[in-house]
Amino acid sequence: MSTRLSESLHQLMHAYRSQLRDTIRRAGIDWPVTHIRVLKGIAHQPGCTAREIAGAMRADKAQITRALGELRDAQLIESQHNPNDRRSQLLQLTATGRALRLQLEHAEEAAVARLTDTLNADDLTQFMSLAQRMITNVSPASSPQESSAMPAPAQRQLEVIRTTDVSPHMKRVTLGGLKATDFPTDQASAYFKFLFPREGHDKPLMRTYTIRHQRDDEIDVDFALHEPAGLASHWAQTVQPGERIDIRGPGPKKMVNFEADWFLLVGDMTSLPAISVNLEQLPDNAQGHVVLEVTDNSDIQPLQHPPGVKLHWVIAPSADPSGQRLVDAVKQLPWLTGTPSVWAACEFNSMRALRQHFRETAEIPKSHFYISSYWKMGVNEDDHKTVKRQDTEQWEQSDGNAAQ
Ligand SMILES: Cc1cc2nc3c(=O)[nH]c(=O)nc-3n(C[C@H](O)[C@H](O)[C@H](O)COP(=O)(O)OP(=O)(O)OC[C@H]3O[C@@H](n4cnc5c(N)ncnc54)[C@H](O)[C@@H]3O)c2cc1C
């Protein structure tokens, strides 16, 4: 059965590709496939960078740079200065590029129409649902908890009710209007995206945050304040009650695996909200350690936690490019006996250093290990996402090799 299925999949892909090639050729378009994919990528995400396109296509950056140069020479795309990163350019289609994109869309529709000629609407719905399930089965994920990340995230508009200073470097924004938007209940620790519209772009910029508390009609979101401020942290510092903001999500919750003998949680001010929720939900008799890096002594917060789980605060007024500071703090702690549940989220370099440390020194079941980078020094969230995806793929590959 599986052999026949693999043959059918292979033949289907081949039939679709050759139909598409034919219709594109008949439409008089003679750009190579890479150029067409790059153009479509930019149409899909206007304002993206070359690095994001290379990451999404899993292609060599030099190849993408060449294709971008040729598309630019043909006046199909244009770029403008990235206000968040002087070294990169934001890409978008020109009017000619949009016209070509439309022609490609028509060619795709024609190819699909020929391929599905004898199928009815029910057949197509069933096929798409099965195909999506198979794709999900093999999608790489940065962690078990994120594997089901927002399949079809709902978009809602919430209202800023108030802002509060949690500590000098943390601002709480309370958003209201959950009931009117059918927001799911009991989502503390789940993450979601703020959508910030951009002039001249169809797609907004997105920033990821955690639900710190959820009440009947409100959620609290705690923003780590950093310098220079980014889009989201600046918004949190300046937003006024009554303003409205679009959000997408929530995605899955990020809980530690509670079926463990002891717990180790590691993070910084960006994961302090998620760690706080986790600590509140640990059983009263839980044992373990929490290492939390904050900007200043005055950013230490009173956290509800089981008495057997000890808090260790690391004061870090400046960034740590080596990523060693959190690992050094973890190394000071005793490794307890029994099955640990380890949960860590922080800056990219620190995450990599921690991940390497755990690989070298501990045996943690995959089901009891969550590690994620929440931001990356020197790059905004959009570029961080691309780097994170590449890093996760490389790590999973090396993990597989190490296991062989
Ligand atoms: C699942 C998930 C949940 C998250 N939850 C939270 C949360 O609840 N609270 C929270 O504060 N953050 C959270 N983050 C992290 C947050 O999404 C990033 O810090 C994001 O980059 C902030 O967006 P920004 O617009 O302020 O800065 P960006 O525009 O993304 O970046 C601008 C500049 O600021 C730097 N920068 C970004 N974040 C920091 C930081 N924390 N410290 C120092 N410099 C920084 C960047 O390196 C870049 O140079 C979460 C991230 C993930 C993936």
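Strand β6 gives the largest share of the shell around the ligand, 4 residues. The model is predicted. Strand β6 also belongs to an open sheet of 7 strands with antiparallel pairing. A second open sheet has 5 strands and parallel pairing.

**Ligand shell**

- The shell holds 24 residues, and T210, A224, H226, G230 and S233 come nearest to the ligand.
- Elements that give two or more residues are β6 (205–210), β8 (218–224), α7 (231–238) and β14.
- Which class of residue makes up 11 of the shell? Nonpolar residues do, alongside 9 polar and 4 charged ones.

**Antiparallel sheet**

- The strand order is β6-β5-β9-β3-β4-β8-β7.
- Why is one side of β6 and of β7 (213–214) left without a neighbour in the sheet? Both strands stand at the edges, and each has a single partner strand, so one side stays unpaired.
- For β6, the antiparallel neighbour is β5 (residues 191–196), and 6 bridges join the two.
- Within this pairing, F196 stands opposite L205 of β6.
- In general, strands of a sheet pair through backbone hydrogen bonds, in parallel or antiparallel fashion.

**Parallel sheet**

- Here the order runs β12-β11-β10-β13-β14.
- The edge strands, β12 (309–315) and β14 (369–375), each pair on one side only.
- On average, neighbouring strands are turned by 10 degrees against each other, direction ignored.
- Strands β10 (residues 262–267) and β11 (residues 288–294) run parallel and are joined by 5 bridges.
- V266 has V291 in β11 as its bridge partner.
- Helix α9 (residues 324–331) packs on this sheet and touches β10, β11, β12 and β13 (340–347). The direction of α9 makes about 150 degrees with that of β11.
- Helix α10 (residues 348–361) also packs on the sheet, touching β10, β13 and β14. Its direction makes about 155 degrees with that of β13.
- Strand β14 thus has two roles to note: α10 touches β14, and β14 gives two or more residues to the ligand shell.

**Helix pair α2 and α5**

- How do the axes of α2 (residues 33–44) and α5 (residues 95–115) cross? They come within 10 Å and cross at roughly 110 degrees.
- The two helices are therefore roughly perpendicular to each other.
- From α2, the contact takes in I36, L39, K40 and A43. These meet G97, L100, R101 and L104 in α5.
- By class, the contact has 5 nonpolar, 1 polar and 2 charged residues.

Note on methods: Residues numbered from 1 in each chain as written. Predicted model: local features only at pLDDT ≥ 70, side-chain atom pairs only at ≥ 80, totals over all residues. Pairing = 2+ DSSP bridges. Axes fitted to C-alpha atoms, helices over the stretch in contact; angles between N-to-C directions. Contact = placed C-beta atoms within 7 Å. Near = placed C-beta within 6 Å. Nonpolar A, V, L, I, M, F, W, Y, C, P; charged D, E, K, R; others polar. Parallel < 35°, antiparallel > 145°, perpendicular 65-115°, else oblique.
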